[in-house]
Amino acid sequence: MERQRLDKWLWHARVVKARTSAAALIEAGHVRINGVREKAPGHAVKAGDVLTIGLDRTVRILKVVRICRARGDASAARVLYDDLQDRRE
C-alpha cells in the first residue's frame, strides 16, 4: 500500500501553502488521523485515512483518496481527497 508523510500530503493537497506550515500545524496538535491526534509530521498517511484538521476558525474533515508524488495545481490537488464536511451540510 502506498504511503506518504503527513506534512507532505497536506502540502500536496493544498491544505496549507508551505510544507513548513504543515509541519507546524501537526506539531501544534491540530491534526487527527482516524480520530487520533498526531504530532509527528513524518507520520505516514494512506488512502482511506480520515484527517481532521483545525485551521484558524474552521475544521476540515478530509478522507485521503490517493497519494501524489509531486505538487500540482488546485484541480490536481482536489482529486487527492474527499471533503467529508460537504456531505454533512
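Begin by selecting N34, which is partly exposed, with a relative accessible area of 46%. The model on display is a predicted one. N34 sits in the loop that runs between strand 2 and strand 3 (36-37). Show its surroundings next: apart from neighbours within four places in sequence, N34 is in contact with G48, D49 and V50. Then add D82 to the selection; its C-alpha atom is separated by 14 Å from that of N34, and the two residues are 48 residues apart along the chain.

From this loop, proceed to the largest nonpolar core, which has 20 residues. Select L6, W9, L10, V15, V31, L51 and I53, the members that touch the most other members. To see where the core draws its residues from, colour helix 1 (6-12), helix 2 (19-27), strand 2 (31-33), strand 5 (50-55) and strand 6 (58-64), the elements that each give two or more residues to it.

Within this group, centre the view on V15. Not counting residues up to four places away in sequence, V15 touches L10, I53, L55, R60 and L62.

Now select W9, which counts as buried because its relative accessibility is 0%, under the 20% limit. Which residue's ring pairs with that of W9? The partner is Y81: the ring centres lie 6.3 Å apart and the planes meet at 75°, so the pair is edge-to-face. A search of the whole structure finds one aromatic pair. The pair links distant parts of the chain, with W9 in helix 1 and Y81 in strand 7 (residues 81-83), 72 residues apart. Finish on Y81, which is buried, with a relative accessible area of 9%.

Note on methods: Residues are numbered from 1 along each chain as its sequence is written. This is a predicted model: local features need pLDDT of at least 70, side-chain atom pairs count only at pLDDT 80 or more; totals for chains, interfaces and linings use all residues. Side-chain values use heavy atoms; hydrogens and water are left out. A nonpolar core is a set of buried Ala, Val, Leu, Ile, Met, Phe, Trp, Tyr and Cys residues joined through side-chain atoms within 4.5 Å. Buried means under 20% relative accessible area, exposed over 50%, partly exposed in between (1.4 Å probe, protein chains only). Helices (H or I, at least four residues) and strands (E, at least two) are DSSP runs, numbered from the N terminus. Contact means heavy atoms within 4.5 Å. Rings of Phe, Tyr and Trp (its six-membered ring) pair if their centres lie within 6.5 Å; planes under 30 degrees apart count as stacked, over 60 as edge-to-face and the rest as tilted.
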